[in-house]
Amino acid sequence: MTTGMTIAERLGRVAYRNQGRSDAKAHIEVDTSICNTSCPHKCTTYVCPANCYTVDEAGLVHFQFEDCIECGTCMYACDQGAVSWKYPDPERGRGVNWQLG
Amino acid sequence: MDDRFDCIIVGGGIAGLSAAMVLARADAKFLLVERGEFCGAKNVSGGVLWGYDLARLVPNYWEGDDPGYERFVNHRRLSFLDESSAFSMDFKSATFDETPYMGVTVLRAKFDSWLAAQVQNVIDAGTHAEDSILATDILVDALEKDGDRVVGIRTGDEVFYADCVILAEGVNNLLTRQIGIEPAYVPADHVAVGVKEVIALPEATLRDRFQLSGLSGLTNEFVGAATSGVEGGGFLYTNRDSVSVGLVLAMADLRDKKRKPYDLLNEFKAHPAIADMLSGGEVLEYSAHVVSTGDVAAVPSRLYDNGVLVAGEAAHLLLNSGKAIQGMDYAMRSGILAAGTVLSAREAGDASADTLAAYQQALDDSYLMKDLRSFSDAVQLFHSPTMYQKVPNILCDFGRDFFGIDNEPSSKAADMLKASVKKHASLWEMAKLGYKAARSL
């Protein structure tokens with residue numbers, strides 16, 4: 001295994017919309033009760049390129065949308081119906097604002 | 001109705017803006033809506049825009065003060081990696097220095113906003129300077145329908161009407177699914193995920209390191225140890241004063257192998273052949289996006305309906321034949337063809353599915369669908385473990401023997417190759433592969 005930039009360092013180089021808003025509206029809804037009961041793989045916790053899905057010490061899946069870069073990965077990788085994926089609202093939502101792309 | 005548009009385009013990426021350019025040149029009245037702060041703000045690609053369509057869409061684009069692209073491609077390399085080595089096919093040609101360029105590297109936030117500015121210039125010179133609009137920061141919630149016919153878009157409380165809507169919303173095509181052109185759930189094996197970094201290097205360093213001259217550029221694709229056993233490949237493209245480096249990883253295989261894409265990117269960047277190219281660079285931006293696999297089977301069977309057309313990656317129009325990943329040129333051509341169909345429909349005064357079927361025919365007659373069909377075997381081949389794992393190992397073994405000089409009696413190249421093949425596969429397996437590759441490429 002090699003060392004390199006951490007995902008937190010990488011996300012520090014991403015510009016987001018409405019970064020100052022504390023009440024930003026979530027654009028992705030995750031039914032983590034599915035992740036935490038019947039899901040055999042909890043795949044979003046590793047395939048998400050922005051590490052928005054994490055597992056706590058008790059093995060439970062948590063989701064946060066603030067770091068989401070709208071790539072779409074979880075919408076395809078999740079085959080358990082837990083992810084409801086929409087685009088963020090330009091005014092009230094979060095989401096990415098690529099400077100280079 | 002005065003407010004009615006000839007056409008509404010959803011999405012200010014390459015497909016949408018290419019369609020917009022065609023409509024603007026024909027002096028049609030249209031509305032393009034983009035959900036980002038500016039065109040390109042939500043878009044990511046590798047990225048190389050291949051072919052000559054850009055020169056047709058924006059003649060002499062390379063002459064402007066701000067030409068939008070990063071570098072023109074005159075040097076291409078395909079590298080097969082094992083853990084320690086890189087065996088490459090390398091081609092550089094001065095014929096590729098001539099305009100129009102065969103390919104240009106782009107950064108989408110810059111390129112798409114440049115292309116939008118070119119479209120705006122054409123709008124401003126036409127009779128619809130006041131009422132053809134490129135609107136940003138607008139998210140379309142739904143398509144407005146009248147019976148089975150798409151008649152406009154709905155955004156918040158507002159509805160905008162048009163004779164025809166072009167969906168150019170990208171691979172995460174929620175509206176395309178809403179109207180049933182694509183099923184609501186798209187399975188993981190129809191897509192891959194790309195992860196990428198743009199890494200700054202001083203222009204002089206970049207020029208010396210990659211043997212660039214003026215605005216010439218290198219594209220380098222990687223297979224084998226690039227993806228640490230996950231189906232996919234890597235890329236490195238030179239920009240003005242940065243490189244774009246990243247991986248494209250098959251979604252289903254990434255899931256099965258339980259790997260994190262950013263860990264794989266770290267491993268790729270640490271490969272000795274890649275690390276040397278990146279040394280001293282500073283990461284400017286990290287990005288990721290889903291990308292179509294480039295499999296013809298992923299393209300919906302019908303890309304039109306009453307009052308609506310689907311273009312670009314929203315239609316999964318992308319080719320990954322092993323020679324190159326062609327997503328942006330596919331977006332550009334399909335956008336051009338969609339707009340052409342809209343103009344014919346306007347002339348005929350009929351945007352029913354029967355008339356818009358001409359779009360599907362135009363796609364079928366173009367290189368897009370011809371190549372997608374004729375290279376479908378090559379796509380399968382490139383996605384086979386033999387190709388992305390065994391072949392790179394064989395070539396690197398052979399390379400070490402062939403290029404290594406050890407002051408011992410040496411065997412002949414053919415024997416070296418045979419020995420390398422036997423170590424990782426069977427001669428029969430490689431003979432079959434060679435035959436298939438020769439036929440499919």
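This dialogue looks at how two chains meet in a predicted model, and then at one residue of chain B.

User: How many residues does each chain bring to the contact between chain A and chain B?

Analyst: In this predicted model, the contact draws on 41 residues of chain A and 53 residues of chain B, and the two chains bury about 4,000 Å² between them, with 56% of that area lying on carbon and sulfur atoms.

User: Which polar and charged pairings cross the interface of chain A and chain B?

Analyst: The rule finds five salt bridges across the interface, and the count of residue pairs in polar contact, both at pLDDT 80 or more, is 30. R17(A) and D137(B) form a salt bridge, in which the closest N and O atoms are 3.0 Å apart.

User: Which helices of chain A supply at least two residues each to the side that touches chain B?

Analyst: They are α1 (7-11), α3 (44-47) and α4 (73-77) of chain A, and of the elements on that side α4(A) gives the most, with four residues. Sorted by kind, the residues on this side of chain A are 23 nonpolar, 11 polar and seven charged.

User: Is T219(B) buried or exposed, and where is its place in chain B?

Analyst: Buried means under 20% relative accessible area, so T219(B), at 0% relative accessibility, counts as buried. Its place is in strand β12 (residues 216-224) of chain B.

User: What does T219(B) touch beyond its neighbours within four places in sequence?

Analyst: T219(B) is in contact with several such residues, among them V48(B), W50(B), H75(B), L236(B) and Y237(B). R76(B) is also one of these contacts, and its side chain makes a polar contact with the side chain of T219(B) at 3.4 Å.

How values were computed. Residues are numbered from 1 along each chain as its sequence is written. Chains are lettered from A and ligands numbered from 1 in the order in which they are written. This is a predicted model: local features need pLDDT of at least 70, side-chain atom pairs count only at pLDDT 80 or more; totals for chains, interfaces and linings use all residues. Side-chain values use heavy atoms; hydrogens and water are left out. Contact means heavy atoms within 4.5 Å. Buried area is the accessible area (1.4 Å probe) that two parts lose on being put together, summed over both. A salt bridge is a side-chain nitrogen of Lys or Arg within 4 Å of a carboxyl oxygen of Asp or Glu. A polar contact is a pair of N or O atoms within 3.5 Å; within protein, one must be able to donate a hydrogen and the other to accept it, and residues adjacent in sequence count only if both atoms are side-chain atoms. Ala, Val, Leu, Ile, Met, Phe, Trp, Tyr, Cys and Pro count as nonpolar, Asp, Glu, Lys and Arg as charged, and the others, Gly among them, as polar. Buried means under 20% relative accessible area, exposed over 50%, partly exposed in between (1.4 Å probe, protein chains only).
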